[in-house]
Amino acid sequence: MLVSAAALAYEVLLMRLFSIVQWHHFAYMVISLALLGYGASGTFLSLMRDRLTASFHRSFIVNAALFSLSAVGCFLLAQQLPFNTLEMFWDPDQWLLLLLCYLLLLIPFFFAANCICLCFARFPDGISRIYAFDLIGAGLGALGVILALHFQSPLGVLRAIAILGLLAAALVSPGKGMLRPWLTSVPYLSLALLITLLPTNWMTVRLSEYKPLSQTLQIADTRVLEESSSPLGLLTLVESRFIPFRLAPGLSLLSSHEPPAQLGVFIDGESPMAISRYQGNRESLSYLDYQTSALPYHLRRPGRVLILGMGGGSTVLQASYHRAENIEAVEVNPQLVQLIRERYADYAGWNWLRQVTRIHESEARGFVAASDSRYGLIQISLLDSANAAAAGVHALNESYLYTQEAITEYLEHLEPDGLLSVTRWLKLPPRDGFKLLATATEALRHAGVKEPASRMLFIRGWGTSTLIVKNGEITKKDIQQLRHFCEARAFDLVHYPGISERQANRYNILAEPYFFQGAKALLGPDADAFIKHYKFDLKPATDDRPYFFNFFKWAILPEALPMYRQGGVSLLELGYPILVLTLIQATLVSLLLIILPLRFLRAEQNVGEKADKLRVMLYFLSIGVGFMFIEMAYIQKFILFLSHPIYAIAVILSGFLVFSGLGSLYGGRLARRNRPQGLGIVVILLGGTAVTYLWLLPHLFSVLADLSLAAKVSVTLLLIAPLSFCMGMPFPLGLSQVARQHPPLVPWAWGINGCASLIGAILASLLSIHLGFSWVILLAVGAYIGAVLSFPGPDHP
């Protein structure tokens, strides 16, 4: 249990650490491949089973201790590699560095997996109990690491994880009498103390030199004012005196107003957001009226404004400048809220803002779903960094903020003639703005609006674009105000009811009026054909496919790659191709790890005929893929219900693993009674529950949206319990059968399951992007049916 808790906590922690050191999509790629350590463990123990199980205690202790030491050492070495994700497609040296990173991070998982697999091989009659504590430990590790990151730095949590492995080694140390176990534990406890006392300058996070924070800190007279860490990210507050921050995204070139002094707020070292100095002087905020996001304030003076994603507070200042009477700002990151409302309240002008402003620590979509209020304006503005948007690193990130269902909810919370305003970074060729327009159009059509074009306005500057969706018809007065606003600031018109081509592309001139042409096509009768043939993926995002930031299409690859060296990175959305590359690598290495042991397992070792080995392989591939498909798909569905992403992942992942562990204990009873027919019943219950939830959960979540977080957590655990309880049984049932009939194949089956889990996790992400979570769940049910048909042994369920 301790080893599994440490291993899963280490996996989650590495995702956090490499999101700081590199970028999120690189972290996903490296950690996924590192988990092949579980597959490598199965291959290794298939070859060394007899020798290692003969000295079980020593083997377990050595592997647990090596996990602890390598968990710290391998990360510290890996972050020293001069790897840059953006150079992968033209610098061959980067592939060698990537391979070294894989190998380094594979090592700790290899040792942790050895500990678990050794237990299966040594105690075949206890497989269900061992697997139960493996899953329960992993569940506790998932919950524990999230909680620990609230109180400790990531590297402090890394020390604690390493100590867990050493504690497991100490517990297994053999000995007789009262003092002997304690004496044999002394070396491991000493190592734990040594890790605790490692010098702080050895345990530092080294950011990539290509990240914006690293580059900013090279400027003279730049200093870090404070730094804080949480599961949501590493927040760094920076002051630059020699070259001051001037953060005003998309500021009109006609603006004569200078932004005030600013502090830069970096999350995980990515592009900063600004905390602007405000001392109650309204004129100091005049520059905020020269951004595209100021448009809704010129169409009407909203009494109540809801800002989704406060960030550094610029949108709050913008609302205040335009004399909004009541401002409600929603921010999911409590670190930012504390900066604005407490530690830098005087600098940020909170004393002047607090009279009309309330800040809510909440996830945006969940806040709207639970609110009964109506607003004159709901505003969403630039929630991701410009650099990340340009590189496409958020392509794999699910975002429920920009889906059809989300836009429908926002419109339902508007007053009559109220406005929804969404500002996005401007990319060329266009994609963000077009996908947002397509999604909003579908949301309006589903709401019964026959002419969505009559309710929308769309403008662009040189760096940003803003889409306005009105809860009512656009009037002539709205159009007059729109045109006056754009002419005074040199912003380009993209769409309003009745616009002509000559009114577009006048200031920030492109070779063709691409934005006007695209908007006209998306709002016209041939929208589907335009989306199908466009170079980027513009299909509207939904709650079942919430990948708003994925624009990649394979058709762009031949055009983008030759231009990559000439700055064509903006053409190639990195997240998706890296995910595909990860799947290819994982599949090839998994095939090697699965096939290799078969050359060394001889017939006289009681490994069965080819048909037996094929059934073992298909069974454990099926349940590994099926488990990951259901777990990942339902984690996303419950995240939408619980709203807060970090707590949701901790609760849901822990719940899935712990209840699966309890299911494994019950599955052991079926295995001991030698009743393989129980698997068929389990799969019927599992499949029935999974399919029923596809219909039930959306209705249930809608009815229970107003519950408190504690009540939602309870409901979530109650719903997860029957599904995950059934998911915990197939593995011990199958492995127990293998242990009875072909004991040498136990490590091999463990390795196959590890490889299948990894491939399943990556494949689930890919299929979710294309088909949606519902199809992933249906395919998972199919995988479990396949497991029933390939159950190893003469007695089929």
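Which residue of β7 does Ile327 stand opposite? In this predicted model, Ile327 stands opposite Thr357 in β7. The legends below begin with the whole protein and return to this pair of strands in the second view.

**View 1. The whole protein contains 30 helices and 12 strands.**
Of the 797 residues in the protein, 62% are buried. Among contacts with a separation of 6 or more, 77% are between residues 24 or more positions apart. The predictor's confidence, given as pLDDT, has a mean of 85 over the protein, and 89% of the residues reach 70 or more. The stretch of residues 385–395 has a pLDDT below 50, although 32 contacts beyond near neighbours in sequence are present there in the model.

**View 2. Strand β6 pairs with β5 and with β7.**
Strand β5 (residues 304–308) and β6 run parallel and are joined by 5 bridges. Within this pairing, Leu308 stands opposite Val330 of β6. Between the two strands the chain passes through helix α11 (residues 314–321), forming a β-α-β crossover that is right-handed. Strand β7 (residues 357–361) also runs parallel to β6, again with 5 bridges. The question at the start concerned this pairing, in which Thr357 of β7 is opposite Ile327. Strand β6 covers residues 326–331, and because 5 of its 6 residues are buried, this strand is largely enclosed by the rest of the structure.

**View 3. An open sheet of 4 strands has the order β1-β2-β3-β4.**
Pairing in this sheet is antiparallel. Strands β1 (222–230) and β4 (273–276) stand at the edges; each has a single partner strand, so one side of each lacks a neighbour in the sheet. On average, neighbouring strands are turned by 25° against each other, with direction ignored. In general, strands of a sheet pair through backbone hydrogen bonds.

**View 4. A hairpin of 2 residues joins β1 to β2.**
The two strands run antiparallel, and 8 bridges connect β1 to β2 (residues 233–240). Two residue pairs can be located here. Thr222 stands opposite Ser240 in β2, and the bridge partner of Glu226 is Leu237, also in β2.

**View 5. The largest nonpolar core of the protein has 196 residues.**
The residues with the most contacts inside this core are Tyr10, Phe75, Phe120, Tyr410, Phe620 and Tyr634. Helix α5 (residues 93–122) supplies the largest share of the core, with 17 residues. Apart from this core lies another, of 54 residues, which includes Leu235, Tyr290, Leu299 and Leu317.

**View 6. Tyr410 is one of the residues with the most contacts inside the largest nonpolar core.**
Leaving aside residues up to four places away in sequence, Tyr410 touches Leu308, Arg365, Val368, Ile378, Ile380, Tyr400, Leu401 and Leu420. Of these, Leu308 was met in the second view, where Leu308 stands opposite Val330 in β6.

**View 7. Lys535 lies in the loop between α21 (527–533) and α22 (557–563).**
Is Lys535 buried or partly exposed? Its relative accessibility is 41%, so Lys535 counts as partly exposed. Not counting residues up to four places away in sequence, Lys535 touches Lys553, Ile556 and Glu559. Pro429 is 106 residues from Lys535 along the chain, and the C-alpha atoms of these two residues are separated by 8.8 Å.

Technical notes. Residues are numbered from 1 along each chain as its sequence is written. This is a predicted model: local features need pLDDT of at least 70, side-chain atom pairs count only at pLDDT 80 or more; totals for chains, interfaces and linings use all residues. Side-chain values use heavy atoms; hydrogens and water are left out. A nonpolar core is a set of buried Ala, Val, Leu, Ile, Met, Phe, Trp, Tyr and Cys residues joined through side-chain atoms within 4.5 Å. Buried means under 20% relative accessible area, exposed over 50%, partly exposed in between (1.4 Å probe, protein chains only). Contact means heavy atoms within 4.5 Å. Two strands pair if DSSP finds at least two bridges between them. A crossover is right-handed if, with the strands pointing away from the viewer, the path from the first strand over the helix to the second runs clockwise. pLDDT is the predictor's confidence in each residue, from 0 to 100. Axes are lines fitted to C-alpha atoms, for helices over the stretch in contact, and angles run from 0 to 180 degrees between N-to-C directions.
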